[in-house]
Each structure stands twice: as structure tokens, then as C-alpha cells.
Amino acid sequence: MSNSTPPEKTIPGKGKTKEAKPTSRPDGGTAQKKSTLNRVWHDENTQSELVRGDQHDYLQSIPSESVDCIWTDPPYFLSNDGSTCINGKRTSVNKGQWDQSAGLQADHDFNLAWLSECYRVLKPTGTIWVSGTHHVYFSVGMALMQIGFRLLNDIVWEKPNPPPNLGCRCFTHSTEMLLWAAKSPKGGKDRYTFNYADMKTANDGKQMKNVWRFTAPAKSEKTLGKHPTQKPIELIERCLLASTSAGEVVLDPFTGSGTTGVAAVNTGRTFLGCEIEAKYARLAAKRISAANEQAMPS
Ligand SMILES: C[S@@+](CC[C@H](N)C(=O)[O-])C[C@H]1O[C@@H](n2cnc3c(N)ncnc32)[C@H](O)[C@@H]1O
């Protein structure tokens, strides 16, 4: 079992230094830089891993039809010099260069490119969850349909305690959207997993609706460090419990602080993740490693 966070090592067979394709990021931030894939954490038992590098290169290294489920939270393209409210103070909305828009068409081309690779690596029975705000989910939904995915649900994540709207020129934003889609066509032989009865039980015996209420991640989920768009662990655990079985493979090509990895480890799934920013890859490695230590039988 390798459960620590070793110094980065180039992955044999994955670590070829090469020019990233221009579609890899629309903002020019990483698009033209040399890209390598370095494994920053792995667990031999489950074959889980976290890699630092560009999602484009990482997805290309994954065999076709080998992944059961994708849960991911790609750039929202909202870091365009506006402001928001954090802890009662006006703060820049900018999250990083990775979140800047390159224009509507370029952003959509980017979504088409990475979602097409996701389609290739998913098993015929697989499903994909994509989380986002209104800045991106229309493009993601359109791209999913253009590629041939079948939309199953739009899940509204409602936040009971959103930050106030400082501009007072529109309603307070208190939701994010999760799109859930299947690779298989309706009525085909390949059936995707939906653990309907488990969700009903978790909802006090009533059918679970598509509006979910979760607070933003608690302080206890940020003890190892912070990410500006960190998701609550419970939110992703619910998605994985609904759409996968124990031991299956879950992929997140935009891992951020590693919340999908923590949720996968906590629910006994194998995790494959990729994050381009070194500081977030280090944070994700720490969080996933800590969850894995806790999950190990004593
Ligand atoms: C919205 S955040 C994900 C947050 C994550 N769900 C969490 O709970 O922490 C998107 C992440 O994708 C990363 N990213 C952006 N472009 C990338 C690329 N081309 N390859 C890999 N990661 C990328 C960013 O650095 C950022 O951390």
C-alpha cells in the first residue's frame, strides 16, 4: 500500500513531455506550455491515483471504455474581473487563469473536446456528472447532447446560506447545477446504474427529488487547505452512491482540491484524478491520502 504523498514522479508510459494541444485550455494559460503527467498519489490496493498535469493528456492516457463513472467540476469561465462577497467583504470573483473565458465559441470548443474524451473512456454502461454555474452549464449540456450522451437529470444544488448579492441588480445566486448523463441510448442493451431503492431509503422512504439542499463545505473539510470552488463531500458521495457500485472506477479530470477522490475513497470506489495546478494537486493528494488512511481496515 502506498498511501503517502511522495515527490512527483513522471509516470512510465504517461510521462512523455509533449506540446499540449491548443484545445487543452482556451485561455492560453497552459495551452502552449510543455505538459507532463506526474503521479502525486496512488494506492496499490485499489489502483487509485492522482496525477498532476493537463486533463487532455491524462484523458488520452486512459484506455477506451474502462471507466464506470465520471464526476467532474470543470472551469466555469466566470473569472472576468467581477466581484463577490466572501465573509462579508467585497472580494474579486477571479479564481485563477484556468477560469478565464476565451469567448463563447472557444469555451464551447473546449467543453466539446474534453467531453468527447470522457465519452470515449466511459464504459457503455457508464454515466457522467458535470457540476457548474449558469456561466457554463448551458454549453456543457449542449456539448453532451452533440456528442451523443443522454441527459438523465439536472440536479439543482440549493445552498441555504449563499453569500449576499452586492450589486442588487439581480436575485441572489443560491444554486449550482449538476447535469447527469448516460452513454447508452434509451432502450439499448447497456443499462446504466441507478440505485433507486438506496436513494429512496436515504430520503425517508420517499422518492428522491432533483433539488438537493447542502451547505457549502464546512471548515472541517478545509483543515488541510482551501480551494476557491471546493464542493461538499456529501454532495459527491450521494452522486456516487446513486450511480455506481462498490469497487467501480470513478474519474475526475478537473480534480481541484480532491473532493471527488475523498468521496470515492469514502464510498469504496477506485479513483482516477488529474489536476493541473501544483498547489491544488498537493492539497488533493493530502486530502485523498488522509481519507484513504481512515478507510483502511485497522
Ligand atoms: C472548479 S475547480 C474543481 C474543484 C473541485 N471540485 C473541488 O471540490 O475542489 C476546477 C479545477 O480544474 C483545474 N484545471 C483547469 N484546467 C485544467 C486542465 N486543463 N487540466 C487539469 N486541471 C485543470 C483547476 O486548476 C481547478 O483546480
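Hi everyone, thanks for coming. Let me start with the protein chain as a whole: of its 298 residues, 40% are buried. Please keep in mind that we're looking at a predicted model. In secondary structure, the protein chain comes to seven helices and 14 strands. Here's one for those of you who like contact maps: take the contacts between residues at least 6 apart in sequence, and 68% of them join residues at least 24 apart.

Now let's walk across some of the strands, beginning with β11. This strand covers residues 175–182 and runs antiparallel to β9, with six bridges joining the two. One pairing to look for on your screens is G132 with its bridge partner M177 in β11. Strand β9 itself, residues 122–132, is mostly covered, with eight of its 11 residues buried.

From β9 we step over to β6. These two run parallel and are joined by five bridges; V67, for instance, has L122 in β9 as its bridge partner. Next comes β13, parallel to β6 (residues 67–72) and joined to it by two bridges. Here C69 stands opposite V250.

Let's pause at β13, residues 249–252. Which way do its residues point? V249 and L251 go one way, V250 and D252 go the other, and all of them are buried. That fits a familiar rule: in a regular strand, side chains alternate between the two faces of the sheet.

On we go to β14, residues 270–275, which runs parallel to β13 with four bridges between them. V250 turns up again here, this time with F271 as its bridge partner in β14. There's a helix to add as well: β13, helix α6 (residues 259–266) and β14 together make a right-handed β-α-β unit.

After that, have a look at helix α7, residues 278–295. Its 18 residues reach 25 Å from first C-alpha to last, close to the 26 Å expected at 1.5 Å a residue. Its buried residues include Y280, L283, I288 and N292, and R282 and R287 are also among them. What covers them? The cover includes β4, β5, α6 and β14.

Finally, the part I suspect you've been waiting for: the ligand. Which of the 21 residues around the ligand come nearest? They are D73, F254, G256, S257 and T259. T259 is also where helix α6 begins, given its range of residues 259–266. By class, the shell around the ligand has nine polar, six charged and six nonpolar residues.

That's my tour. Happy to rotate the model if anyone wants another look!

Conventions. Residues numbered from 1 in each chain as written. Predicted model: local features only at pLDDT ≥ 70, side-chain atom pairs only at ≥ 80, totals over all residues. Near = placed C-beta within 6 Å. Nonpolar A, V, L, I, M, F, W, Y, C, P; charged D, E, K, R; others polar. Buried ≥ 20, exposed ≤ 12 C-beta atoms within 10 Å, placed from the backbone. Pairing = 2+ DSSP bridges. Right-handed = clockwise from strand over helix to strand, strands pointing away. Expected span 1.5 Å × (residues − 1). Contact = placed C-beta atoms within 7 Å.
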